[in-house]
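I opened the notebook to record what I looked up in this structure, one topic at a time. I began with the pairing of charged side chains and worked outward from there.

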Amino acid sequence: MAANPAGDAEGERITIALIPSAQDDLRRLQERTKLSKTDLANRAITSYQFFDAHLQAGHDLIVRDRQSGEMQLVRFL
């Protein structure tokens, strides 16, 4: 059995086909963060669950530029 870096019980394995723009985004994220594809996929799913739960609860998601204070509403379509 292969070592599990998270130390958790063996998780569910999935196979996905990425569209070209997602492939490019994944490559850039790997280069910038030095995280594995598995780590990035797990973080993406966990992050989306967090965002979706807040949106379903009627909250807005806002990104604020720390330097300028400019804010933008985040929307998932």
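**Salt bridges**

I counted three salt bridges in the protein, working throughout with a predicted model. I kept in mind the general point that side chains of opposite charge can pair when their charged atoms come close.

I looked first at Arg-13, whose side chain meets that of Glu-10 in a salt bridge with an N to O distance of 3.2 Å. I noted that Arg-13 is exposed because its relative accessible area is 69%, and exposed here means over 50%. Glu-10, at 46% relative accessible area, is partly exposed.

I then turned to Asp-25 and Arg-28, whose side chains form a salt bridge at 2.6 Å, N to O. Why are Asp-25 and Arg-28 separated by about one helical turn? They are three residues apart in helix H1, so about one turn of the helix lies between them. I recorded Asp-25 as partly exposed, with a relative accessible area of 38%, and Arg-28 as partly exposed as well, with 39%.

The remaining entry under this heading is the salt bridge between Glu-31 and Arg-27, in which the closest N and O atoms are 3.3 Å apart. Both Glu-31 and Arg-27 lie in helix H1, four residues apart, which I wrote down as about one turn of the helix. Glu-31 counts as partly exposed at 46% relative accessibility, and Arg-27 is partly exposed with a relative accessible area of 39%.

**Overall layout**

I next checked the secondary structure and found two helices and two strands, which follow the pattern α-α-β-β when read along the sequence. How much of the protein counts as buried? I found that 4% of the 77 residues do, where buried means under 20% relative accessible area.

**Arg-13 and Lys-34**

I went back to Arg-13 to place it in the chain, and found it in the segment before H1. I also looked up its C-alpha atom, which is separated by 9.8 Å from that of Thr-38, a residue 25 positions away along the chain.

Where does Lys-34 lie? I located Lys-34 in the loop between helix H1, which covers 20-33, and H2. Its phi is near 65°, and I marked this as a positive value in a residue other than glycine. Lys-34 counts as exposed because its relative accessibility is 68%.

**Ile-45, a surface patch and a pocket**

I followed Ile-45 through several lookups, starting with its place in helix H2, which spans residues 37-56. Is Ile-45 buried or exposed? I entered it as exposed, because its relative accessibility is 54% and the cut-off for exposed is over 50%.

I found that Ile-45 belongs to a nonpolar patch on the surface, which it forms with Ile-14, Ile-16 and Leu-18. The accessible area of these residues together is about 410 Å².

Which residues line the second largest pocket? I listed Arg-43, Ala-44, Ile-45, Ser-47, Tyr-48, Phe-51 and Phe-76, so Ile-45 appears in this lining as well as in the patch. The lining divides into five nonpolar residues, one polar and one charged, and I matched the charged one to Arg-43 and the polar one to Ser-47. About 240 Å³ of space lies in this second largest pocket. As a general reminder on such lookups, I noted that rolling a probe the size of a water molecule over the atoms shows where empty space is left.

How values were computed
Residues are numbered from 1 along each chain as its sequence is written. This is a predicted model: local features need pLDDT of at least 70, side-chain atom pairs count only at pLDDT 80 or more; totals for chains, interfaces and linings use all residues. Side-chain values use heavy atoms; hydrogens and water are left out. Patches are made of residues with over 30% relative accessible area and no salt bridge: like charges are joined within 9 Å, nonpolar side chains (Val, Leu, Ile, Met, Phe, Trp, Tyr) within 5 Å. Accessible areas come from the Shrake-Rupley method with a 1.4 Å probe; for residues, only the protein chains shown count as cover. A salt bridge is a side-chain nitrogen of Lys or Arg within 4 Å of a carboxyl oxygen of Asp or Glu. Buried means under 20% relative accessible area, exposed over 50%, partly exposed in between (1.4 Å probe, protein chains only). On a 1 Å grid over the protein atoms alone, a cavity is a set of points where a 1.4 Å probe fits but cannot get out, and a pocket is an open set with protein on both sides within 12 Å along at least five of seven lines; lining residues have an atom within 4 Å of a point. Grid points are joined across faces, edges and corners, and a volume is the space filled by probe spheres set on the points.
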